[in-house]
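Visitor: Before we start, I would like to hear the reasoning behind each label you use. Could you take me through it step by step?

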Amino acid sequence: MEKNSRKPIVIEFNGLPGSGKTTTLSMLRWLLKDYEVIELSSDSIRGSRWSYKDILCSKESRKIFFTFLKAFFVISPVTWERYKYTKRTFGYWYGIKKGSVTNHGKPRICILDEGIIQGFVSMAYKGTIRDKAVFLDCIRNIMESLDNVICVNCITDVNVSKERMRARKNKWSRLDAIQDDEELLKALSVQKKQFEAIRKKAISLSISIDMNDSAEQNAKKIIKNSLEMVDTI
């Protein structure tokens with residue numbers, strides 16, 4: 001990222017449900033209380049309204065949108081629900097790229113607990129990726145078009161994730177609906193492999209944290225490494 005860039009730094013989390021992303025995000029926000037920080041929900045990042053006409057009028061947006069579609073069509077079966085996740089994940093990219101998260105051009109740190117990487121895993125939920133190389137290449141090209149996004153890879157064991165999911169009160173993940181523990185562990189294992197492949201093959205600017213560590217330890221690690229990755233906040 002260029003020094004004194006006016007684009008916001010976007011820190012987006014990815015990891016299994018129940019891994020502790022929200023807890024770490026809350027600690028990160030508290031430790032950055034002296035900075036101009038905004039926490040983005042999946043709705044707010046998509047707040048930059050766009051139309052298919054907007055996409056067609058922009059060469060870059062058109063190229064990236066078709067890259068999303070290319071990833072969408074290598075997943076079987078092709079369903080309307082899967083397309084909605086594809087469209088929503090493109091909305092993350094569009095909102096970040098078009099600067100909808102800025103405040104009158106002022107630099108900000110934006111924290112996003114569900115972003116592009118999480119969106120791609122959601123796109124592939126209960127599907128079969130027919131060509132993994134193409135799928136990963138699409139994600140890599142999309143992420144490389146953004147030079148201000150730092151991915152936080154939340155590393156956790158599937159058994160720990162399962163126990164935390166069972167214990168939490170808020171049930172917002174699609175996996176929360178799985179009642180059988182063995183079936184849930186199987187689904188979590190599939191997602192874990194998807195995250196590992198994406199992190200290895202498609203993300204260049206990232207920080208990995210062990211979710212067995214405390215939220216404060218991880219938040220401090222994110223801050224330290226973020227400051228090393230960019231010239232200035």
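Visitor: Which residues do ring pairs link into a cluster?

Guide: In this predicted model, the cluster held together by ring pairs consists of Y52, F65, F66, F68, F90, W93, Y94, F120 and F135. The whole structure contains 11 aromatic pairs.

Visitor: What makes the pair of F65 and F66 edge-to-face?

Guide: Their centres are 6.2 Å apart, with 70 degrees between the planes; pairing requires centres within 6.5 Å, and planes over 60 degrees apart count as edge-to-face, so the label applies to F65 and F66.

Visitor: Why is F65 called buried?

Guide: Its relative accessibility is 8%, and buried means under 20%, so F65 qualifies. F66, at 47%, is partly exposed, because that value falls between the limits of 20% and 50%.

Visitor: How do you know that the span of helix 7 agrees with what is expected?

Guide: Helix 7 covers residues 132-144, and at 1.5 Å a residue its 13 residues should span 18 Å, which agrees with the 18 Å between its end C-alpha atoms.

Visitor: Which residues of helix 7 are buried, and what puts them on the same side?

Guide: The buried residues of helix 7 are F135, L136, C138, I139, I142 and M143. They cover an arc of only 155 degrees around the axis, which puts them on the same side of helix 7. The face turned away from that buried side carries the exposed residues A133 and E144.

Visitor: Why does K33 count as lying over the face of W30?

Guide: K33 lies 4.0 Å from the ring centre of W30, and the distance limit is 6 Å, so the distance part of the rule is satisfied.

Technical notes
Residues are numbered from 1 along each chain as its sequence is written. This is a predicted model: local features need pLDDT of at least 70, side-chain atom pairs count only at pLDDT 80 or more; totals for chains, interfaces and linings use all residues. Side-chain values use heavy atoms; hydrogens and water are left out. Helices (H or I, at least four residues) and strands (E, at least two) are DSSP runs, numbered from the N terminus. The expected span of a helix is 1.5 Å times one less than its number of residues. Buried means under 20% relative accessible area, exposed over 50%, partly exposed in between (1.4 Å probe, protein chains only). The arc is that of the directions from the helix axis to the C-beta atoms. Rings of Phe, Tyr and Trp (its six-membered ring) pair if their centres lie within 6.5 Å; planes under 30 degrees apart count as stacked, over 60 as edge-to-face and the rest as tilted. A charge sits over a ring if NZ of Lys or CZ of Arg is within 6 Å of the ring centre and within 35 degrees of the ring normal.
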